[in-house]
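Load the model and keep a selection panel at hand. The stops below go from one pair of helices to the core and then to a single helix.

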Amino acid sequence: MSKYNVTSTEKYAEAISDLKYQFKLRFSDFKANETYFNLFSIPFSLPVEDVPENMQIEIIDLQNNKLLKEKYNYVELSIFYSKYINTETYPNLRNNALRMMSLFGSIYTCEHIFSRMKIVKSKNRVRLTDSHLESSLRIASSQIQPNINKLVNS
């Protein structure tokens with residue numbers, strides 16, 4: 001007889017199967033948007049035929065621009081798109097870049113606020129109302145530094 005219980009093995013197999021399914025669900029958006037991620041992250045290496053038709057002229061122009069390729073190799077992606085890819089020449093590439101950059105920033109913000117909410121709404125503060133929670137989260141997630149001396153003096 002095996003040292004592992006058959007039911008526990010089945011339980012773990014089912015849990016792993018469910019985990020694989022959940023990963024597939026959660027990351028299906030990434031697969032669906034793979035072309036746009038590649039267009040953002042490796043624009044000089046991407047074959048033109050893999051690019052949506054409305055962006056092909058822009059990507060051909062970009063890939064043939066030696067100055068921009070040099071800039072791309074020496075600066076961060078966010079700087080490359082904000083400083084060297086202008087809306088007049090590359091409107092679709094620029095919009096795609098803005099969409100890609102804001103995607104991860106908004107995920108970070110949501111996770112940051114959720115983490116703060118867990119801290120603010122601890123088991124010791126279960127009677128916290130929605131308006132108090134909102135105010136506490138606004139303070140906890142704010143980038144503004146209060147002027148304590150001015151507040152105390154007034």
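Start by selecting L68, K71 and Y72 in α5 together with L77, F80 and Y84 in α6; these residues meet across the two helices. Note that the model is predicted. Sorted by class, the contact of α5 with α6 comprises five nonpolar residues, one charged residue and no polar ones.

Now draw the two helix axes. Two packed helices are described by the angle between their axes and the distance between the axes. For α5 and α6 the angle is about 145 degrees, and the axes lie 8 Å apart. The crossing of α5 past α6 is right-handed.

Next, show the largest nonpolar core, which has 18 residues. L39, L62, L68, F80 and I85 are those with the most contacts inside this core. Colour α3 (34–41), α4 (53–63), α5 (66–74), α6 (77–84) and α7 (91–120): each of them supplies at least two residues of the core.

Centre on L39. Which residues does L39 touch, not counting residues up to four places away in sequence? The list is L46, V51, M55, I59, Y81, L93 and N96.

Two of those contacts, M55 and I59, lead to the last stop, α4, where M55, E58, I59 and L62 are buried. Turn the view to look down the axis of α4: the buried residues fall within an arc of 100 degrees, so they line one face of the helix. Finally, select E53 and I57, exposed residues on the face of α4 turned away from its buried side.

How values were computed. Residues are numbered from 1 along each chain as its sequence is written. This is a predicted model: local features need pLDDT of at least 70, side-chain atom pairs count only at pLDDT 80 or more; totals for chains, interfaces and linings use all residues. Side-chain values use heavy atoms; hydrogens and water are left out. A nonpolar core is a set of buried Ala, Val, Leu, Ile, Met, Phe, Trp, Tyr and Cys residues joined through side-chain atoms within 4.5 Å. Buried means under 20% relative accessible area, exposed over 50%, partly exposed in between (1.4 Å probe, protein chains only). Helices (H or I, at least four residues) and strands (E, at least two) are DSSP runs, numbered from the N terminus. Contact means heavy atoms within 4.5 Å. Axes are lines fitted to C-alpha atoms, for helices over the stretch in contact, and angles run from 0 to 180 degrees between N-to-C directions. A crossing is left-handed if the near helix is turned anticlockwise from the far one by less than a right angle, and right-handed if clockwise. Ala, Val, Leu, Ile, Met, Phe, Trp, Tyr, Cys and Pro count as nonpolar, Asp, Glu, Lys and Arg as charged, and the others, Gly among them, as polar. The arc is that of the directions from the helix axis to the C-beta atoms.
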